[in-house]
Every structure is written in C-alpha cells, then in structure tokens.
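Student: I keep meeting words like "salt bridge" and "buried" and never know what earns a residue that label. Can we work through some cases together?

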Amino acid sequence: MQQRAATAAVIGAGDFIGSAIAKKFAAEGFTVVAGRRNGEKLAPLVQDIEAHGGRILARSLDARNEADVTAFLSEADALAPLEVCIFNVGANVNFPLLETTERVFRKVWEMACYAGFLAGREAARLMLPHGQGAIFFTGATASLRGGVGFAAFAAAKFGLRAVAQSAARELGPNNIHVAHLIIDAGVDTEWVRGRIRDREGDAALANLDPNRLMRPAAVAEAYWQLYQQPRDAWTFELEIRPFGEKW
C-alpha cells in the first residue's frame, strides 16, 4: 500500500456503506477520519483497517452540530491535508403523510440536508487554501422523486442535492470536485433485509435474487471512481443501480 500525504473524512461511517468507503480509501493509502453518532461502534472498522495496514482515526460525531463538524474536519486536516470529504448520513424513514410529525420532518431534514450543508461548507473552507479537494454526497432514489411515505426523506434528499449542485458550480472553478451519488436501489444491509422480510416474508428473503441488492463495496468503488476522474471530465451526478434493477 502506497501511503498518501492526504486525509479522507467520512461523515456517517455506518456499518455498511460508510465503513466500505472508509476501507476503500484507507486501502488506497489515505489516512481516514471516520465519524458517526456513536463512535464506540467504529471499533470493528478501526480494527479491520489497521489489520490491513491502513491508518484511521475514529470519532463520535453529531453531524447536525456545527461545532462538532468544524472540529472533526479541522482535526482531519491537521493530520494531513483534507483531500476528500464524503457525506454519507442516511435518515431514511417511512411514515404516511398524516403520521409524519413536525419533529420527524425536522429531524430528517437536519440529518440528511442541513448536516450535509455543514459538512460541505466546512470541508470547502479547509480545501480552498490547498487548491484542491473532493466533496461527495450520498443521495438516493428519493433525491429525484418522492415516494409514498417518504415526504420527509425526499424533502431532505432533494435539498441535499440542491446544496451539492450549488456547491459544485461555486467550487468547481477552484479545483474542488463536488459530486452527488444517487443510489437507485436497495443496498445489502441488515436494515434493508429486515424491510424485505417485513414486506415479503421469510421465504422472499431466503430466496433473494443476488442481483437485487447493491453491495456496500460497490458503492465505495463508485466513489473511488469519482475521485479518480480527471478534472477536465468531472461528473457532478452519478446514478448507480444493479444491472437487474428495473427503472
């Protein structure tokens, strides 16, 4: 592994997509700074990356808290220049419209949109003096269309897409690549498998088509491909889905 004098920050380093992203960038030589609400849950990720010779710093992080985000990214930049920041906070909830409380709607927006704004702004403040960087945001099908029961989630994801698009137009001329990755499929996580079981039963889960769900490692690979793009051919928005997905 060739070590790089650069840091990659992953905000929302959960057990599946976020961890896969952290492992990929660590394997490519980045010092990874990973944050999630409960930092103690990052212990297996730290153990895995270090066992493979990578470097990682794990932190508890409330991505909705401006001071927390500023301190988290500043710490990352102090280790080595912050070159990549990936915002991967989820907040995917499903409630019928009449059961969507004010509190649910606001909290989902805080997690999936407002927190993304904070991450993008603070990452840009650190990257601009370096003259380069990449800021990537995880989107979803809900970034493009609202579905039944997803008023809160879609509103937040629509907003995050707008933040990313505005940032891309503003920061691109300063050699900062801003991209929005739309995951237009279910990802193979414990939560998604649980929803399939609840909707379709144990038999459907036992006979699950292997092409139905996207592997977290495949999402991480898509982010790595975005990072590698030459600056005269940058993508702003990338949609990914399994080859068998009907869309």
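Student: What makes Lys24 and Glu28 a salt bridge?

Tutor: Keep in mind that this is a predicted model. The closest N and O atoms of Lys24 and Glu28 are 3.1 Å apart. The cut-off is within 4 Å, between a side-chain nitrogen of Lys or Arg and a carboxyl oxygen of Asp or Glu, so the pair qualifies.

Student: And how do you know whether Lys24 is buried or exposed?

Tutor: Check its relative accessible area, which is 18%. Buried means under 20%, so Lys24 gets that label.

Student: Why is Glu28 called partly exposed, then?

Tutor: Its relative accessibility is 25%. Exposed means over 50% and buried under 20%, so Glu28 falls in between.

Student: What makes Glu110 and Arg64 count as a salt bridge?

Tutor: Their N to O distance is 3.7 Å, and the limit is within 4 Å, so they pass. Glu110 sits in helix α4 (residues 102-127), while Arg64 belongs to the loop between β3 (55-60) and α3 (66-79), so this pair ties together parts that are 46 residues apart in sequence. Arg64 is buried too, at 17% relative accessibility.

Student: How about Glu122 and Arg125: what makes them a salt bridge?

Tutor: Their closest N and O atoms are 2.8 Å apart, so they also meet the rule of within 4 Å. The two are three residues apart in helix α4, which means about one helical turn separates them. Glu122 is buried, with a relative accessible area of 6%, whereas Arg125 counts as exposed at 52%. Salt bridges with shared partners join both of them with Glu66 and Arg121 into one network.

Student: How many salt bridges does the structure hold?

Tutor: There are 13 salt bridges.

Student: Now the sheet. Why are β3 and β7 called edge strands?

Tutor: The open sheet has seven strands, in the order β3-β2-β1-β4-β5-β6-β7, with parallel pairing. Both β3 and β7 (237-240) pair on one side only, and that makes them the edges.

Student: How do you know that β6 and β7 really pair?

Tutor: Count the bridges: strand β6 (residues 176-183) and β7 have four, in the parallel sense. Pairing takes at least two, so they count as paired. One of the bridges links Leu181 to its partner Leu238 in β7.

Student: Which helix packs on the sheet, touching β2 and β3?

Tutor: That's helix α2 (residues 43-51), and its direction makes about 170° with that of β3.

Key. Residues are numbered from 1 along each chain as its sequence is written. This is a predicted model: local features need pLDDT of at least 70, side-chain atom pairs count only at pLDDT 80 or more; totals for chains, interfaces and linings use all residues. Side-chain values use heavy atoms; hydrogens and water are left out. Buried means under 20% relative accessible area, exposed over 50%, partly exposed in between (1.4 Å probe, protein chains only). Contact means heavy atoms within 4.5 Å. Axes are lines fitted to C-alpha atoms, for helices over the stretch in contact, and angles run from 0 to 180 degrees between N-to-C directions.
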